[in-house]
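Student: I would like to go through a structure with you. Could we begin once it is displayed?

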Amino acid sequence: MTPDFDLQAHNTFGLPARARFGTTVTTADDLVPLLAEAKAKNLPLRILGGGSNVVLRPCFDGIIALMGIAGRDIIGRHGDQTLVRFGAGENWHAIVEWSIAQGLSGLENLAAIPGTVGAAPIQNIGAYGLELVDRFHALETFDTLEGTTLTFDRDACQFAYRQSFFKRAPGRYVVTSVTLAFPNAWQPNLAYPGLSDIPADADAKTIMDRVVAVRASKLPDWRVTGNAGSFFHNPIVESAVADAIAAYHPEAPRYPGGAGRVKLSAAWLIERSGFKGFRYGAAGVSPNHALVLINTGGATQAEISELAGQIVAGVKSRFGVELVQEPELL
Ligand code: EPU
């Protein structure tokens with residue numbers, strides 16, 4: 001274990017942050033002694049995947065374990081699907097590319113999402129008309145409260161838009177592997193704007209390449225400009241709230257939100273509240289995409305969090321809609 005562990009290179013915002021101790025987990029078996037050590041030291045234990053969905057405070061008085069469990073095992077056919085188990089530490093985009101190279105189509109719409117396999121189910125990652133839940137079979141976890149190993153099937157994970165069971169008890173369950181289901185009779189999913197001109201007989205690689213290009217044109221690359229992707233959920237509101245906005249702004253994007261509710265575009269609300277390209281110290285709102293907060297160089301957690309607070313207050317006062325932050329403040 002490394003004392004006074006530097007986390008700046010381990011969060012895609014590039015925020016300066018340290019932990020009392022840091023280590024790397026390479027097998028699920030590492031977790032039992034690690035938990036024992038955390039208890040002996042009376043320190044909290046948190047696992048960090050790619051650090052792409054966190055806002056790190058400057059000092060974490062606990063143990064940070066980087067998730068490094070590898071593994072790509074084709075289990076075989078299961079009904080009309082092929083199951084593949086991935087270690088939680090695998091890089092998400094790398095397994096999207098790898099699966100397509102194996103002839104397993106199905107993850108192409110989720111290309112180029114930063115982060116690890118183990119983090120993907122926590123917020124049910126989604127993009128371009130597909131969510132993780134659509135390709136999910138099961139996952140294995142280590143319960144840091146009970147010290148036990150548990151398997152969760154799809155229902156047990158309680159997936160919803162950017163939600164899962166695991167968000168209710170942040171950090172309690174460490175995902176160690178995720179088994180995905182690839183449809184044997186794969187069909188391209190080209191409904192999302194930006195993909196709709198792709199020919200219907202396109203292969204998964206063609207779609208993946210387009211998704212990579214669309215993302216690169218809209219979203220800042222965290223390797224160049226620190227960010228954590230979408231900083232807020234798209235708010236799901238009662239239809240009356242959406243109708244009240246539409247009365248003045250018929251152009252406001254709206255999508256079905258389930259149970260008669262409406263999902264609004266947080267990017268649109270933020271832009272119309274005047275924040276696109278706004279700077280607060282070294283924190284800012286991307287001039288290319290209003291849903292992405294950026295570190296323009298040397299930003300601190302305080303600046304990011306204060307800017308986020310200003311945006312929440314601004315959108316609330318302009319549109320009466322409460323935005324909810326997506327990355328976890330750790
Ligand atoms: N828009 C604006 N201003 C902007 C950017 C977008 O008004 O600055 C409007 C666009 O006109 C468009 C709408 O917002 O009508 C939606 O934009 P976009 O297609 O970029 O999608 P999003 O709703 O902003 C969501 C996900 C992204 C995902 C894209 C594509 C959430 C919170 N975000 O963004 O996920 O890549 O759809 O499917 O659901 C992430 O979670 O980190 C992430 C990047």
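Tutor: We shall discuss the ligand, a helix pair and one strand residue in this predicted model.

Student: How many residues surround the ligand, and which are the closest?

Tutor: The ligand is surrounded by 25 residues. The closest are Tyr 128, Tyr 161, Arg 162, Tyr 192 and Glu 271.

Student: What lies 3.3 Å from an oxygen atom of the ligand?

Tutor: That is a polar side-chain atom of Arg 215. In addition, an N or O atom in the side chain of Glu 326 is 3.2 Å from an oxygen atom of the ligand.

Student: And Ala 290, which part of that residue lies 2.9 Å from a ligand oxygen, backbone or side chain?

Tutor: For Ala 290, the atom in question is a backbone N or O atom.

Student: Switching to the helices, at what angle do α2 and α4 pack?

Tutor: Helix α2, residues 92-101, packs against helix α4, residues 204-218, at about 155°. Their axes are 10 Å apart. Angles over 145 degrees count as roughly antiparallel, and α2 and α4 are therefore roughly antiparallel to each other.

Student: Is the crossing of α2 and α4 left-handed or right-handed?

Tutor: The crossing is left-handed. On the α2 side, His 93, Val 96, Glu 97 and Ile 100 make the contact. On the α4 side, Ala 204, Lys 205, Met 208 and Val 212 do so.

Student: How do those residues divide into nonpolar, polar and charged?

Tutor: Five residues of the contact of α2 with α4 are nonpolar, one is polar and two are charged.

Student: One more topic: where is Ile 47 found, and what does it touch?

Tutor: Ile 47 is in strand β3, which covers residues 45-48. Not counting residues up to four places away in sequence, Ile 47 touches Leu 31, Ala 65, Met 67 and Val 174.

Student: How far apart are Ile 47 and Ile 63?

Tutor: They are 16 residues apart in sequence, and their C-alpha atoms are 8.4 Å apart in space.

Key
Residues are numbered from 1 along each chain as its sequence is written. This is a predicted model: local features need pLDDT of at least 70, side-chain atom pairs count only at pLDDT 80 or more; totals for chains, interfaces and linings use all residues. Side-chain values use heavy atoms; hydrogens and water are left out. Axes are lines fitted to C-alpha atoms, for helices over the stretch in contact, and angles run from 0 to 180 degrees between N-to-C directions. Helices (H or I, at least four residues) and strands (E, at least two) are DSSP runs, numbered from the N terminus. Angles under 35 degrees count as roughly parallel, over 145 as roughly antiparallel, 65 to 115 as roughly perpendicular and the rest as oblique. A crossing is left-handed if the near helix is turned anticlockwise from the far one by less than a right angle, and right-handed if clockwise. Contact means heavy atoms within 4.5 Å. Ala, Val, Leu, Ile, Met, Phe, Trp, Tyr, Cys and Pro count as nonpolar, Asp, Glu, Lys and Arg as charged, and the others, Gly among them, as polar. A residue is near a molecule or strand if one of its heavy atoms lies within 4 Å of it. A polar contact is a pair of N or O atoms within 3.5 Å; within protein, one must be able to donate a hydrogen and the other to accept it, and residues adjacent in sequence count only if both atoms are side-chain atoms.
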